[in-house]
Amino acid sequence: MALQTNEKCTVESKEEEEVQSCDQTKTSTVRDLSQEELDRLSSERTLVSEFKQMKLEKEAQKNWDLFYKRNTTNFFKDRHWTTREFDELRACREFESQKLVLLEAGCGVGNCIFPLLEDDLNIFVYACDFSPRAVEFVKKNPLYCPERCCAFQCDLTKDDLLENVPENNVDVVTLIFVLSAVHPDKMKLALENVGKVLKPGGIILFRDYGLYDHAMLRFKAGSKLGENFYVRQDGTRSYFFSKEFLAKLFEEVGFESVANEYVLRETVNKKEGLCVPRVFLQSKFVKRS
Ligand SMILES: C[S@@+](CC[C@H](N)C(=O)[O-])C[C@H]1O[C@@H](n2cnc3c(N)ncnc32)[C@H](O)[C@@H]1O
C-alpha cells in the first residue's frame, strides 16, 4: 500500500460525534476488505425497484430539505480542515492582495464556508444548494454578509449557474460531500455546470465518500440502488467513489487531475469500544485552458 502522509485530524459530522480524534493516512490504493466483507458486498444483488428509484430521484430535493428541517444546523460540524488539506484556498492568488472568488457547490448550511470567511478576510464566496431551507440557514448565519457572500438556491444538475455567477469568474470550486448525493447519470451535468463559472486554469477541490467506506458496508439489504450507490433511511442517497471512476468523470468534461487519493481514517468510538474504518476520496482537478 502506497502510504504518503499520516496526520492528526478531527471529527467531521455529528454522525461521528462520539468518535475521538484520529489519525488519517493518504493512499493511492483502495482499502483491503476481509473475505467476509467482500462476500457481504457481492451477495447484495437485489436493487431497489425502478419505480422507487425514479421516485427518489424526483424527490431528492424534498428529501434533503426535510433533512435540514429535522436537523437544522446541528448535523455537520464546521469543516476547519479545508485550509490544511487544500492549500490552494490560501495560495492560489497571482498577487497577495487579490480577492479569491470561491463557489461552494452544495453548501448545506455553510459548514465549509463560514470557517473560511472567518479565517480569510480577502475572499468572496458564492454558495448554492438545492435545499431552500439550507440556503436560508446560510443567509441567517451572523457571518453572512452580501459584501462577502452570495447564497442562492440551485439544482446543480438542472439550473444554469450562470444565472447567479458570471462566466469564467471563479478561482476555486469546492465539492465537499456533494457529488455523492447526485445520481451517477447526472454527475457530469453538475460538473459541466460548475465548469462554466470556473476560470480556465481554475481548480475544483473535492472530498467525498470513498469506495469501501464503513458507511458503504453498513447499508442493510434493500438499500442498494446500483454499483456503489445506496439510499439511506431518510431517502437521501450516497455514491462511494473509486479514484478511477472520479478521474474519468472529470477528464470527460474537460478537467485534468492534479491529485486524487484515498484518505483512510480509523475512527474510535470510545464509548462503544468500536473502531471503524472511514474512507474518503480527496482530489483536485484543474479546468483545461
Ligand atoms: C452532505 S451535504 C454537504 C454540505 C456541505 N458541502 C458541507 O461541507 O457541509 C450535501 C449537500 O448537497 C446538496 N445537494 C445534493 N444534490 C444537490 C444538487 N443536485 N444540487 C445542489 N445541491 C445538492 C444537499 O442539499 C446537501 O446540502
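1. A salt bridge is taken here as a side-chain nitrogen of Lys or Arg within 4 Å of a carboxyl oxygen of Asp or Glu. On that criterion, a search of the whole structure, which is a predicted model, returns 18 salt bridges. Three of these pairs are discussed below, after a remark on confidence.

2. Confidence. The mean pLDDT of the protein is 89, and 90% of the residues score at least 70. Residues 1-20, however, have a pLDDT below 50, although this stretch still makes 72 contacts in the model beyond near neighbours in sequence. Where pLDDT is low, the predicted coordinates should not be read in detail. The contacts of residues 1-20, a stretch with pLDDT below 50, should accordingly be read with that reservation.

3. The pair E252 and K188. These two side chains meet in a salt bridge with an N to O distance of 2.5 Å. Because E252 belongs to helix α10 (residues 243-252) and K188 to helix α8 (residues 187-197), the pair ties together parts that are 64 residues apart in sequence. Both ends are partly exposed: E252 has a relative accessibility of 43%, and K188 has a relative accessible area of 32%.

4. The pair R84 and E85. A salt bridge also links E85 with R84, with 2.9 Å between the closest N and O atoms. Is E85 buried or exposed? E85 is buried, at a relative accessible area of 6%, whereas R84 is partly exposed, at 40%.

5. The pair K199 and D171. Here the closest N and O atoms of the salt bridge are 2.8 Å apart. K199 sits in strand β7 (residues 198-209) and D171 in strand β6 (residues 170-176), so this pair connects parts separated by 28 residues in sequence. D171 is buried, with a relative accessible area of 9%, while K199 counts as partly exposed at 27% relative accessibility.

6. Cysteines. How many disulfides does the model contain? The count comes to zero. For C107, the closest cysteine sulfur is that of C128, at 6.3 Å, which is too far for a bond. The sulfur of C128 in turn has its closest cysteine sulfur in C154, at 4.3 Å, and this is again too far for a bond. The cut-off behind this reasoning is 2.5 Å between the two sulfur atoms. C107 is buried at 5% relative accessibility, and C128 is buried with a relative accessible area of 0%.

7. Backbone conformation. Most residues other than glycine have a negative phi, and most peptide bonds are trans. Two asparagines merit inspection on this account. N168, which is not a glycine, has a positive phi of about 50 degrees. N168 is located in the loop between β5 (149-153) and β6, and is partly exposed at 36% relative accessibility. N228 likewise has a positive phi, of about 60 degrees, without being a glycine. N228 falls in the loop between β8 (224-226) and β9 (229-231), but in contrast to a partly exposed residue it counts as buried, with a relative accessible area of 14%.

8. Ligand surroundings. The ligand is surrounded by 20 residues, of which the closest are Y68, R79, G106, D129 and D155. Which ligand atom lies 2.6 Å from a polar side-chain atom of D129? It is an oxygen atom of the ligand. For D155, a polar side-chain atom lies 2.9 Å from a nitrogen atom of the ligand. I176 contributes through its backbone: a backbone N or O atom of I176 is 2.9 Å from a nitrogen atom of the ligand.

9. The residue R288. R288 belongs to the segment after β12 (274-287) and is partly exposed, with a relative accessible area of 41%. Neighbours within four places in sequence aside, R288 is in contact with P200, E251, G254, F255 and E256. The C-alpha atom of R288 is separated by 37 Å from that of P142, a residue 146 places away along the chain.

10. Points to retain. The salt bridge between E252 and K188 joins helix α10 to helix α8, and the one between K199 and D171 joins strand β7 to strand β6. The disulfide count is zero. Any reading of residues 1-20 should take account of their pLDDT below 50.

Technical notes
Residues are numbered from 1 along each chain as its sequence is written. This is a predicted model: local features need pLDDT of at least 70, side-chain atom pairs count only at pLDDT 80 or more; totals for chains, interfaces and linings use all residues. Side-chain values use heavy atoms; hydrogens and water are left out. Buried means under 20% relative accessible area, exposed over 50%, partly exposed in between (1.4 Å probe, protein chains only). Helices (H or I, at least four residues) and strands (E, at least two) are DSSP runs, numbered from the N terminus. pLDDT is the predictor's confidence in each residue, from 0 to 100. Contact means heavy atoms within 4.5 Å. A residue is near a molecule or strand if one of its heavy atoms lies within 4 Å of it. A polar contact is a pair of N or O atoms within 3.5 Å; within protein, one must be able to donate a hydrogen and the other to accept it, and residues adjacent in sequence count only if both atoms are side-chain atoms.
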